[in-house]
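Subject: Handing over a structure

Hello,

Here is the structure I promised to pass on. Please open it beside this email and follow along.

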Amino acid sequence: MPVAEEGCTETGTMRNLSDESLLAGLGSGDPDAAATFVRRFQHRVFGLTLSVLRDRGAAEEAAQESFVRAWRHASAYDPRRGTVAAWLLTIARNVSINMLPARRFDPVDPEAVLAVEAQRPPERGTEARVEDRELLREPLAQLPADQRRALVLAVFYGLTAREISELDDVPLGTVKTRIRSAMLKLRSQLRVPDER
Amino acid sequence: MNADMGCAQVRELAPELALGIAEGGERAAALRHLSGCAGCRRLVSELSSVGDELLLLAPAAEPPPGFESRVLGRLADAARPRGIQRPRWRRWAAVAAAAVLAAALGGGSVFLATAGDRRLADGYQAVLRQGEGSFFAAAPLQGPRGRAGTVFGYQGQPSWAMVTLRPTIPAERRFRVQVLTRDGRYLAAGEAVLGGDKTAWGGQLPVDLSAVHELRLLGADGRTAFAATFDAASPWD
């Protein structure tokens with residue numbers, strides 16, 4: 001794949017392509033699509049890897065690896081299973097978790113992960129999705145702190161209920177209940193119909 | 001102890017399943033239940049959407065200067081024709097593509113003998129376009145005595161699989177072909193007669209190839225005689 005020059009002028013066509021189309025272009029080795037894809041998602045990917053790893057060097061390595069994996073697996077992306085952003089961030093989360101040293105977790109306040117930065121870098125072509133992205137922020141903020149903590153540790157750090165139980169010295173059943181209660185509350189906020 | 005989970009137990013565990021943090025035995029038992037329960041599968045799917053939405057809440061951050069060019073450099077290295085770093089499934093895919101191209105082009109052996117990887121990739125994409133497919137994959141077919149053949153898969157409309165068997169079975173045997181999906185469902189994919197002179201079987205898959213975790217050949221006793229695991233068809237796991 002030829003390397004597109006950083007900072008090169010993005011064509012209007014590329015800039016207007018959907019996330020799905022850009023991913024397809026990335027997967028097929030189109031350097032312009034690859035550059036636009038990286039440019040569109042780099043802030044979000046790096047933000048997530050930095051949130052999990054809290055080390056800029058490690059976060060960059062994880063973010064780079066995330067894009068390489070996205071390229072490798074682009075053809076397996078299934079839009080029925082979620083958005084490109086969610087798919088890519090899932091990859092970034094998994095890469096970051098694997099880079100945490102020996103699954104050791106430094107018990108810093110996990111809510112820092114969700115801290116809203118004063119300045120959120122613009123992401124071209126994804127402005128319409130900002131509203132979607134905020135869909136769960138308020139409901140999450142309204143959860144009891146212990147539920148929110150358990151959920152963040154599970155979602156962003158991939159900790160199992162048992163690991164959270166050991167980390168916080170809380171009974172396993174309590175942690176499971178916290179995760180379950182939080183998830184069901186948030187699910188109701190997404191207004192998905194009940195399966196019954 | 002988790003052999004027979006019911007809906008109530010699986011629903012208790014559903015959030016952990018959706019977040020990918022359910023552990024060992026519980027997870028396996030729940031997946032077995034999900035294979036036959038559409039309601040529980042739907043609940044897990046909806047909760048997975050919650051997990052996806054939560055990841056989107058992470059704050060964005062400005063990457064270090066030069067990040068973009070370093071990423072593109074890595075992509076270029078990874079995509080270099082003779083690159084060692086190409087992922088295994090892509091190499092397998094190239095083998096599968098070569099087989100399809102050889103058949104499709106008639107004089108394919110000459111084409112392949114002289115083509116570079118770039119040309120092969122172009123041909124690969126052209127074949128995929130013809131079939132409205134998105135990728136090929138292949139996985140080793142493992143039997144009781146190790147490698148017994150290869151399973152090639154095609155992601156398209158429809159998706160299909162081709163099983164090729166080394167001459168390890170002296171006489172014809174009948175197998176039920178079964179697919180284990182990534183969300184834990186066991187689906188029938190037809191019947192195959194293999195052994196003796198019959199060393200290949202092909203058939204349509206009941207789901208997209210990207211949803212297939214394992215393809216199994218079940219013997220008359222219902223046990224898995226041969227199995228092939230597609231280990232990199234989806235990055236969601």
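Below is what was found, taken topic by topic.

**Confidence**

Start with a caution: this is a predicted model. Chain A has a mean pLDDT of 79, and 72% of its residues reach 70 or more. Confidence varies along the chain. Of the elements of chain A, α10(A) has the highest mean pLDDT, at 94. Helix α6 of chain A, residues 130–133, has the lowest, at 48.

Two stretches need care. Residues 1–9 of chain A stay under 50 in pLDDT. The model gives them 20 contacts beyond four places in sequence. Residues 116–132 of chain A are also below 50. That stretch has 19 contacts in the model beyond near neighbours in sequence.

**Where the chains meet**

How many residues of each chain are in contact with the other chain? On chain A there are 69, and they touch 49 residues of chain B. Several helices of chain A each supply at least two residues to that side: α3 (31–53), α4 (56–73), α5 (84–99), α7 (137–141), α8 (145–157), α9 (161–168) and α10 (172–189). Which of them gives the most? That is α3(A), with twelve residues. By character, the residues of chain A on this side divide into 38 nonpolar, 13 polar and 18 charged.

**Helix packing in chain A**

Helix α3(A) also packs against two other helices, α4(A) and α5(A).

Take α4(A) to begin with. The axes of α3(A) and α4(A) come within 8 Å and cross at roughly 135°. The two helices are therefore oblique to each other. The crossing is right-handed. From α3(A), the contact uses V38(A), V45(A), F46(A), T49(A), L50(A) and L53(A). From α4(A), it uses R56(A), A58(A), A59(A), E60(A), A62(A), A63(A), S66(A) and F67(A). Ten of the contact residues are nonpolar, two are polar and two are charged.

Now α5(A). Its axis and that of α3(A) come within 9 Å and cross at roughly 30°. Helices α3(A) and α5(A) are therefore roughly parallel to each other. This crossing is right-handed. On the α3(A) side, the residues are F41(A), R44(A), V45(A), L48(A), T49(A), V52(A) and L53(A). They meet A85(A), L88(A), L89(A), A92(A), R93(A), S96(A), I97(A) and M99(A) of α5(A). The contact divides into eleven nonpolar, two polar and two charged residues.

Look at V45(A), T49(A) and L53(A) in the viewer. These residues of α3(A) take part in the contact with α4(A) and in the contact with α5(A).

**The sheet in chain B**

Chain B has an open sheet of eight strands. The order is β5-β4-β7-β8-β1-β2-β3-β6, and the pairing is antiparallel. Which strands stand at the edges? They are β5 (186–194) and β6 (200–204) of chain B. Each has a single partner strand, so one side of each is left without a neighbour in the sheet. From one strand to the next, the twist averages 20°.

Begin at the β6(B) edge. Strand β3 of chain B, residues 160–165, is joined to β6(B) by five bridges, and the two run antiparallel. Here W160(B) stands opposite Q204(B).

Next, go to β1 and β2. Strand β2 of chain B covers residues 146–155, and it pairs with β1(B) over nine antiparallel bridges. A hairpin of two residues joins β1(B) to β2(B). In this pair, Q142(B) has R147(B) as its bridge partner.

On its other side, β1(B) (residues 135–143) pairs with β8(B) (residues 224–229) over two antiparallel bridges. There, L141(B) stands opposite A228(B). Q142(B) is bridged to A227(B) of β8(B), as well as to R147(B) of β2(B).

Finish with β7 and β8. Strand β7 of chain B, residues 212–218, is joined to β8(B) by five bridges, again antiparallel. A228(B) is the bridge partner of L215(B) in this pair, and A228(B) also stands opposite L141(B) of β1(B). The hairpin of β7(B) and β8(B) has five residues between the strands. Within that hairpin, G222(B) takes a positive phi near 85°.

The structure is now yours.

Best wishes

Conventions
Residues are numbered from 1 along each chain as its sequence is written. Chains are lettered from A and ligands numbered from 1 in the order in which they are written. This is a predicted model: local features need pLDDT of at least 70, side-chain atom pairs count only at pLDDT 80 or more; totals for chains, interfaces and linings use all residues. Two residues are in contact if their C-beta atoms, placed from the backbone, lie within 7 Å. Helices (H or I, at least four residues) and strands (E, at least two) are DSSP runs, numbered from the N terminus. Ala, Val, Leu, Ile, Met, Phe, Trp, Tyr, Cys and Pro count as nonpolar, Asp, Glu, Lys and Arg as charged, and the others, Gly among them, as polar. Axes are lines fitted to C-alpha atoms, for helices over the stretch in contact, and angles run from 0 to 180 degrees between N-to-C directions. Angles under 35 degrees count as roughly parallel, over 145 as roughly antiparallel, 65 to 115 as roughly perpendicular and the rest as oblique. A crossing is left-handed if the near helix is turned anticlockwise from the far one by less than a right angle, and right-handed if clockwise. Two strands pair if DSSP finds at least two bridges between them. pLDDT is the predictor's confidence in each residue, from 0 to 100.
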